[in-house]
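User: Hey, can you walk me through this model? I'd like to go through the contacts and the sheets.

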Amino acid sequence: MVVDDDDNVRRMMCVMLEAEGYATIGARDGLDALERMRDVSPSLVFVDLMMPRMDGENLIHSMRADAALSAIPIAIMSGQTHAAAAWPAETRLVKPVELDDLLSVADRYSRDLPRAE
Amino acid sequence: MSTDRSPDRARDYLRLVFTQIPGALWATDRELRLTLVHGRTPRLDEKAADRLVGQTVYEFIGTTDPTEPAIAHHLAALAGTRQSFAYDRRGRTFEVLIEPLLEDDRVVGCVGAAIDVTERRVEQVRLERSEARLAEAQRVAHVGSFEWDIANDRVTSSEELWRIYGIAAGTPAETLDVALSRIHPEDRPGFRQALLETARDRRPFRFDHRIVRPDGEVRVIHTVGDAIGDRSGPVPRVVGSCWDVTVQHDTTARLRQSVAMLEATLDATADGILVVGSDGRIVAHNRRFLELWRVPPEMINKADDATLLSSVAYQLEDPRAFREGVRELFDSPEQHAFEILRFRDGRVFERFSKPQVVDGRVAGRVWSFRDVSVRERLLQRATFLADAARLLASLDTERALASFCGIATPFLGEYCVIDLLQNGGAHRIVAPSAGALAPLPDAHRFALNGHSVIFAMGHRSVLAVPLLVRDAVSGVITLVAAPERTYSKADCTFVEELARRIALSLDNARLFESAREALNSRDEFLAVAAHEIRGPLTSIHLAAQGLLGKSLSAEAARTALDVIQCEDRRLGRFVDDLLDLGRARTGQLYLTLQDVDMGTIVRDVVSRMAADCAAAGCAVSVNTDGDLMGHWDAVRLEQVITNLLSNAIKFGPGKPVAITAEAVNSRVRVRVTDQGIGIEPAMLPRIFDRFERAVEARHYGGLGLGLHIAKTIVDGLGGTLVVDSQPGHGATFTLELPALRSNHEDQGTHHGRR
């Protein structure tokens, strides 16, 4: 799942992940993400930090507090490297994100998962 | 007496006469043999006289020595010369006359006569001696004397008086006028009057007068005199004694003068002085002492020190300590002391106390008091100002003012209240916080209007001074005096000075706060700008890497290219925004004016942003009404509408946005109404400021420049842009522009007004 309020970023990440065979879901902010996670449980969530309505930090806390979602790995995407370093997330990606980094993170957390060929 | 002329009777009569002569008569022959002796002296009677006849003078005297005076005179008489001399014999003194006895021009003997003058001589000698003694006494005592014989108008003066007059002794008696001519002209009438009154009233007189000596020197003479004579009848004489008192007079005058000068000096000195004898009596004081201690003059003459002390001590802050200190000093007479005395009314004295030493012995104690209230007050104020300045230098205004109020009491008053007017409300700081007088006065309306005021609240004096920050009243400092104190103009001036410093401190704190806010805004802006750039950069980065490195499907490749193009435009707009911001700041926002239809602009913008609106879930309705033509800059107006619409969908996603455009009284009004989160009232005035946003940047991206740029453009076009909003109920931005048409020459490029 890609959570980012920037339409183009979200769109581009989804296109690139799908080109590698992953199934993707886009969410425009934290609330949107939580809502969509009720239907689908993603194997990895990319979270942007600065978003309207519910920002990345709140989304992460909400997920960690929710027994159903707390096990889902999270990759933070942010320009604010120092701030992001303090938050409990498995991986950090610094914007602008390198395509190789994005794909290797996706690869690391989804080996066991079926790929849409 | 009968006149019997018979020869016998005549001889008997002659003999009778001779024998009764008060003295002696005798005759001698040439050998000095006594041929006749008559007379009656204490040692010579008739019988003795008869027995002497026939004796020689030599035998009578008892010597033949021709140099013996009596013998010598007899011999000289025999020689033909008349002899007259005084002769002492057996304790008696005689005046003796011896003449030659002539018979046919031939000396046949001598005739002598002697009269006993012993008594007269003794009297004379005594008189001479007493006069000499008087003169001597007068000379030694420098006392002269005079006697005025009134009937004869004769003044006789003693030798010493002449000496006093500086005139050689021996000037004969003179008239009163002449005698008075030596008296100093100014004293002359008085002296004459004194003499005349003495003569008239038989009363002693005493008179100080000056004389002028022949050499011009002026001396001061003291004369005492009295009338001499019987009780009845006119006074025959006035006598007087005079002595020169110039030296005493000068000394006395000098003494009197120096005492007067001392008194004048004491009275002129700024210090209050009190001299107390060892016995506790008040020996001396000056006027200043009475003033300083507020002692009634009639009291100081009656009181001793103990009474005085107990009647003035109440004025002091600590009367008991004062009294004890005084007692201790009186118990140690030698001790010097210096002390500061504080009065209940705020006055401060310096007290010096030293033993008064007369002829090497302590005779009492000298107290001097100096009113140093002004100096003390200035010093206290300087110290206070320094402390206050140190406190007020803090940028934590709240704490600084609380500390300030703390040190202001009790120095400036019993209570200190500062009312701060900020953000439309009032905030009150009070010291001391505990046990405050209830109720403390409200900020006085004069002070709220910018004027200092001293007023009374019950029995308390109250001083209120405005805190003026850049000519605006931003608070009031109110001081309530302790019960005895009344505020003066000097207090007011001082507190105004303090108020200036407080105001300066408030201003500094506000400037610092706004500077910090500006810095925060700038930091936030930079963070947002970085985010705004990082978004497109990320998209382009991923798209380019995907296109270069991966074999994308045709659809994915198209998407990637679309994204690159889209982000390229977005970055372009962003750069334009930054440039506009710079131009707006420096007033270089260029406007290209032409006839424009607002309806067209609105519809164009809505249609261009349709995708964005749809993505945000916002349905946009457009209503236009009437003639919406104006002479404006079309491109800039599109920018304004775009920014307003972007704002609406950004803060009200998923909610409808309504845009209306209408003509109102030669103006064109455009309203953009959203149903978003709305704006806090406090933020409304600032929403068009640079870098301002009503919400945290973390939730809502964007530079916060849109509204600022829109407002700048509208101002430049001579229009207005205002906002009306309530939190949770959306916002309405209202744009109004003058609908003036061009008259063709007016086309061209204009400077914006800003």
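Analyst: Sure, salt bridges to start: a salt bridge here is a side-chain nitrogen of Lys or Arg within 4 Å of a carboxyl oxygen of Asp or Glu. Before the numbers, this is a predicted model, where local features need pLDDT of at least 70, side-chain atom pairs count only at pLDDT 80 or more, and totals for chains, interfaces and linings use all residues. Residues are numbered from 1 along each chain as its sequence is written, chains are lettered from A and ligands numbered from 1 in the order in which they are written, and side-chain values use heavy atoms, with hydrogens and water left out.

User: Fine. Which residue does Asp116(B) form a salt bridge with?

Analyst: Arg92(B), with the closest N and O atoms 3.0 Å apart. That pair links distant parts of the chain, 24 residues apart: Asp116(B) is in strand E5 (residues 106-116) and Arg92(B) in strand E4 (residues 92-103) of chain B. Strands (E, at least two residues) and helices (H or I, at least four) are DSSP runs, numbered from the N terminus.

User: How many salt bridges does the structure hold over all chains?

Analyst: 46. Across the interface of chain B and chain A the rule finds 1. That one is Arg570(B) with Asp6(A), closest N and O atoms 2.6 Å apart.

User: Which helices of chain B supply at least two residues to the side that touches chain A?

Analyst: H17 (489-549), H18 (554-586) and H20 (610-616). H17(B) gives the largest share, 13 residues. That side of chain B divides into 14 nonpolar, 9 polar and 6 charged residues; Ala, Val, Leu, Ile, Met, Phe, Trp, Tyr, Cys and Pro count as nonpolar, Asp, Glu, Lys and Arg as charged, and the others, Gly among them, as polar.

User: And how many residues are in contact, and what area do the chains bury?

Analyst: 29 residues of chain B are in contact (heavy atoms within 4.5 Å) with 29 of chain A. The two chains bury about 2,500 Å² between them, 62% of it on carbon and sulfur atoms. Buried area is the accessible area (1.4 Å probe) that two parts lose on being put together, summed over both.

User: OK, sheets. What's the strand order in the antiparallel one?

Analyst: E7-E6-E10-E9-E8 in chain B, an open sheet of 5 strands. Two strands pair if DSSP finds at least two bridges between them. The edges, pairing on one side only, are E7 (154-157) and E8 (205-212) of chain B. Strand E6 (residues 143-149) of chain B is joined to E7(B) by 4 bridges, and Phe146(B) stands opposite Ser157(B).

User: What about the mixed sheet, which strands are at its edges?

Analyst: E22 (620-625) and E26 (720-725) of chain B. The order is E22-E24-E25-E27-E26, again in chain B. E22(B) runs parallel to E24 (residues 657-664) of chain B, with 6 bridges, and Val620(B) has Val657(B) as bridge partner. Helix H21 (residues 634-651) of chain B packs on this sheet, its direction making about 170 degrees with that of E27(B). Axes are lines fitted to C-alpha atoms, for helices over the stretch in contact, and angles run from 0 to 180 degrees between N-to-C directions.

User: Last one: which residue takes a positive phi in the hairpin of E11(B) and E12(B)?

Analyst: Gly280(B), near 90 degrees, in a hairpin with 4 residues between the strands. E11 (residues 272-277) and E12 (residues 282-285) of chain B pair antiparallel over 3 bridges, and Val276(B) is partnered with Ile282(B).
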